[in-house]
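This report describes one protein, starting with a single helix and moving outward to the whole chain. Please look at the sequence and the structure first.

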Amino acid sequence: MLKIGNIEIKVPIFQGGMAIGVSMAELAAAVSNEGGVGVIAGTGMTKEELKKEIQKAKEKLVGIGKVLGVNIMVATTNFMELVDAAIESGVEFIIFGAGFSRDIFDYVKGTGTQAIPIVSSLKLAKISEKLGAPAVIVEGGNAGGHLGSELDSWDIVPEVAEHIHIPVIGAGGVITPKDGERMLSLGAQGIQMGSRFVASKECGVSEVFKEMYKKVKEGEIVKIMSSAGLPANAIVSPYVKKVLDEVTEFPRNCFACLKKCTHKFCVNERLQMAHHGNYEEGIFFAGRDAWKITEILSVKEIMEKFQVLFQD
C-alpha cells in the first residue's frame with residue numbers, strides 16, 4: 001500500500017493518462033476498482049465534457065476507497081478550466097505534464113484534490129517537492145506520447161528516488177511484471193503504465209489500434225516531433241512516415257487547442273483518427289517497449305499479474 005497525502009492506494013499502479021479518447025471512464029474505473037489509480041485524460045475535452053466523464057467513471061466504482069485521477073497537459077489552452085473540472089468533480093489527483101505549473105500546488109490546497117507532476121529530471125523533481133507536490137511521476141524518453149527527456153526512465157528514476165523525500169512513481173518501459181520489478185528495485189514506490197492498458201478490453205480505442213500493439217515489433221516504434229513542439233513515441237504507420245519525412249500539410253482547421261503549436265499538422269486530429277482505427281491517417285502513440293505486448297487482456301487480468309509485486 002502507498003500513501004500519498006491522505007490517500008491510501010491499495011495497489012500503487014497508476015494507469016497512464018492517454019488523451020484524445022484513450023483513457024476514458026470505463027478504463028479508469030476498471031483500474032480503480034482493482035485497487036490502482038484510474039486516470040481519465042482530460043486533454044482535448046471541454047470543462048463540461050470532462051465533468052461528465054468523471055461522473056460516468058464514479059458511477060462505475062464499486063465500494064469505498066477507490067482512487068481516480070485526471071491527466072491534463074499544461075500545454076493546452078484550457079488547462080485551468082480542466083483543473084477546475086477535476087476539483088469540482090472531487091477526483092483525488094490531478095496529474096499534469098507536457099509543461100509545468102508552479103501555481104497549481106497552491107491552487108488545489110484545501111480542495112481535497114492533490115496535484116502530481118510528471119517530471120523528467122532531478123531538478124524538476126526537487127522544485128516540485130519544494131512547491132508542495134505530494135509525489136512525482138518520473139517519466140523517461142521510453143514512455144509513450146509526449147516526452148520531456150532523451151534519457152530512459154531507468155536512468156532517471158534512481159537519481160530522483162535517492163534525492164527527494166516524497167513518493168516516486170516510475171513511468172516508461174513498464175510492460176511486464178519483470179519491468180515493474182525492475183522499476184521498484186530502482187527506488188520507485190509505484191509504477192505507471194500506459195501502453196499495457198491500451199491493450200486492454202476496457203480501453204475505448206478501436207480494435208485496429210489494439211491489434212497494432214499486438215503486432216508491432218521491436219524497432220517499429222519511433223520518435224517523432226509532435227506539433228505540440230515536443231518529441232513523442234509512435235508506431236510506424238503511413239502518416240508517421242510523412243511526419244518523419246516532413247511532408248505533412250498544415251491543418252485546414254485550427255481550434256487553438258495548444259498554447260504553442262508548429263501547425264505542421266494537428267496532433268489532436270491525428271490521434272482522434274488513430275482512436276477510430278484510421279491506419280493510413282492516424283498517429284498511434286506507444287511506449288518504446290510496447291512490442292512486448294502479445295495479447296489483449298482485461299484490466300483485472302493485467303492487475304493480477306502486477307499485484308504480486310506489492311504483496312508483503
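Within helix α1, the buried residues are Ala25, Leu27, Ala28, Ala29, Ala30, Val31 and Ser32. Here buried means under 20% relative accessible area, exposed means over 50%, and partly exposed lies in between, using a 1.4 Å probe and protein chains only. Helices (H or I, at least four residues) and strands (E, at least two) are DSSP runs, numbered from the N terminus.

The model is predicted, so local features need pLDDT of at least 70 and side-chain atom pairs count only at pLDDT 80 or more, while totals for chains, interfaces and linings use all residues. Residues are numbered from 1 along each chain as its sequence is written, and side-chain values use heavy atoms, leaving out hydrogens and water.

**Helix α1 and its surroundings**

Helix α1 covers residues 25-33, and because 7 of its 9 residues are buried, the rest of the structure largely encloses it. The cover over its buried residues includes strands β3 (13-15), β4 (37-41) and β5 (67-73) as well as helices α2 (47-60), α8 (195-198) and α12. Just after α1, Gly35 has a positive phi of about 95 degrees.

Gln15 belongs to strand β3. Its relative accessibility is 0%, so Gln15 counts as buried. Contact means heavy atoms within 4.5 Å. Neighbours within four places in sequence aside, the contacts of Gln15 include Leu27, Ala28 and Val31; others among them are Val37, Gly38 and Val39. Gln15 and Ser32 are 17 residues apart along the chain, and their C-alpha atoms are separated by 9.0 Å.

**Three loop residues**

The table lists three residues found in loops, with the relative accessible area of each.

| Residue | Loop between | Relative accessible area | Class |
|---|---|---|---|
| Ala98 | β6 (93-97) and α4 (104-107) | 26% | partly exposed |
| Glu246 | α10 (238-245) and α11 | 66% | exposed |
| Ser298 | α11 (267-275) and α12 (299-307) | 14% | buried |

Ala98 has a phi near 50 degrees, a positive value in a residue other than glycine. Glu246 is not a glycine either, yet its phi is positive, at about 55 degrees. Ser298 is in contact with Lys201 and Glu202, leaving aside its neighbours within four places in sequence.

**A pair of helices**

Helix α5 (residues 122-131) packs against helix α6 (residues 153-163) at an angle of about 35 degrees, and their axes are 9 Å apart. Axes are lines fitted to C-alpha atoms, for helices over the stretch in contact, and angles run from 0 to 180 degrees between N-to-C directions. On the α5 side the contact is made by Leu122, Ala125 and Lys126, and on the α6 side by Glu159, Val160 and His163. Sorted by class, this contact has 3 nonpolar, 1 polar and 2 charged residues. Ala, Val, Leu, Ile, Met, Phe, Trp, Tyr, Cys and Pro count as nonpolar, Asp, Glu, Lys and Arg as charged, and the others, Gly among them, as polar.

**The whole protein**

In total the protein has 12 helices and 13 strands. Of its 312 residues, 56% count as buried. The C-alpha atoms fill a box of roughly 50 × 40 × 40 Å, taken along the principal axes. Among contacts between residues at least 6 apart in sequence, 62% join residues at least 24 apart.
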